[in-house]
Amino acid sequence: MTQVAPIPQGFQTVTPHLVCEGAADAIEFYKKAFNAVEMARMPGPGGKIMHAQVKIGNAIVMLVDDFPDWGSVGPKALKGSPVVLHMYVEDVDQVYNQAVAAGAEAKMPPADMFWGDRYGMVVDPFGHVWSIATHKRDMTPEQMQEEMKQSMSENCPGKEA
């Protein structure tokens with residue numbers, strides 16, 4: 001009898017599992033926007049996807065179609081999402097532009113941030129929010145705090161952090 005790994009090969013401890021209105025379309029979008037590679041697809045009733053997996057960079061993302069009758073709904077049905085999926089990439093500007101060209105909504109164009117990342121945000125056509133970053137500077141918590149205060153005073157006159 002062979003030993004089964006408690007965490008399957010290729011998976012991390014935490015794996016995003018996205019509910020989408022139109023998971024098949026989401027898979028195609030993620031291929032165009034983030035160079036995702038489809039790993040698995042399990043069709044269910046009426047052609048809806050019961051389970052799918054894509055790999056984006058070194059991360060596996062699971063997807064499923066929405067099934068409102070079972071209480072499984074995505075961000076569109078909820079009119080937004082409190083969750084942000086964060087991606088570190090080699091070139092934030094290139095990935096941000098690629099995602100927007102593929103159909104993502106530009107939420108925040110890439111800019112240099114006080115915590116040392118160049119960072120931007122998009123919303124995919126299925127309502128999921130993605131932050132995209134390239135780490136540019138290693139900083140101590142004290143340096144980040146000081147730069148945050150400076151940024152707040154420059155960008156919000158009359159307000160201090």
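A contact is taken here as a pair of residues with heavy atoms within 4.5 Å. In the predicted model described below, residues 24 or more positions apart account for 48% of those contacts in the chain that have a separation of 6 or more.

The chain contains four helices and eight strands. Their order along the sequence is β-α-β-β-β-α-β-α-β-β-β-α. Along the principal axes, the C-alpha atoms occupy a box of roughly 55 × 40 × 30 Å. The chain has 161 residues, and 36% of them count as buried. Its accessible surface amounts to about 10000 Å², with 55% of that area belonging to carbon and sulfur atoms. Charged side chains comprise 13 positive and 20 negative charges, and the mean positions of the two sets lie 4 Å apart.

Eight salt bridges are present in the structure. Two of them involve Glu38. In the pair formed by Glu38 and Lys31, the closest N and O atoms are 3.3 Å apart. In the pair formed by Glu38 and Arg41, the corresponding distance between the closest N and O atoms is 2.8 Å. Glu38 has a relative accessibility of 29% and therefore counts as partly exposed. Lys31 is likewise partly exposed, with a relative accessible area of 29%, and Arg41 falls in the partly exposed class at 37%. Through shared partners, salt bridges connect Glu28, Lys31, Glu38 and Arg41 into one network. Another salt bridge joins Arg118 to Asp112, with the closest N and O atoms 3.2 Å apart. Asp112 has a relative accessible area of 57%, so this residue is classed as exposed.

Within this network, Lys31 belongs to helix H1, which covers residues 23-34. When neighbours within four places in sequence are left aside, the contacts of Lys31 are with Ala36 and Glu38. The contact with Glu38 thus involves a residue with which Lys31 also forms a salt bridge. A separation of 68 residues along the chain lies between Lys31 and Ala99, while their C-alpha atoms are 9.8 Å apart.

Helix H1 is followed by a loop that leads to strand S2 (37-43), and Asn35 is located in this loop. The phi angle of Asn35 is near 55°, which is a positive value in a residue other than glycine. Most residues other than glycine have a negative phi. Asn35 is exposed, as its relative accessibility is 53%.

A positive phi also occurs at Lys79, where the angle is about 60° although the residue is not a glycine. Lys79 lies in the loop that connects helix H2 (75-78) with strand S5 (84-88). Because the relative accessible area of Lys79 is 76%, and the exposed class begins over 50%, this residue is assigned to the exposed class.

Ala77 is placed in helix H2. The relative accessible area of Ala77 is 42%, so the residue is partly exposed. Between Ala77 and Phe126 there are 49 positions along the chain, counted as the separation in sequence, and the distance between their C-alpha atoms is 9.9 Å.

The surface also carries a nonpolar patch of about 350 Å², made by Met42, Met50 and Trp70. Met50, one of these residues, is part of strand S3, which spans residues 49-56. The relative accessible area of Met50 is 32%, and the residue is accordingly partly exposed. A patch residue must have over 30% relative accessible area and no salt bridge, so the 32% of Met50 satisfies the accessibility condition.

Taken by location, the residues described above fall into several regions. Helix H1 contributes Lys31, and the loop between H1 and strand S2 contributes Asn35. Helix H2 holds Ala77, whereas Lys79 is found in the loop between H2 and strand S5. Strand S3 supplies Met50 to the nonpolar patch that also includes Met42 and Trp70.

Technical notes: Residues are numbered from 1 along each chain as its sequence is written. This is a predicted model: local features need pLDDT of at least 70, side-chain atom pairs count only at pLDDT 80 or more; totals for chains, interfaces and linings use all residues. Side-chain values use heavy atoms; hydrogens and water are left out. Patches are made of residues with over 30% relative accessible area and no salt bridge: like charges are joined within 9 Å, nonpolar side chains (Val, Leu, Ile, Met, Phe, Trp, Tyr) within 5 Å. Accessible areas come from the Shrake-Rupley method with a 1.4 Å probe; for residues, only the protein chains shown count as cover. A salt bridge is a side-chain nitrogen of Lys or Arg within 4 Å of a carboxyl oxygen of Asp or Glu. Helices (H or I, at least four residues) and strands (E, at least two) are DSSP runs, numbered from the N terminus. Buried means under 20% relative accessible area, exposed over 50%, partly exposed in between (1.4 Å probe, protein chains only). Lys and Arg count as positive and Asp and Glu as negative; His and the chain ends are not counted. The place of a charge is taken as NZ of Lys, CZ of Arg, CG of Asp or CD of Glu.
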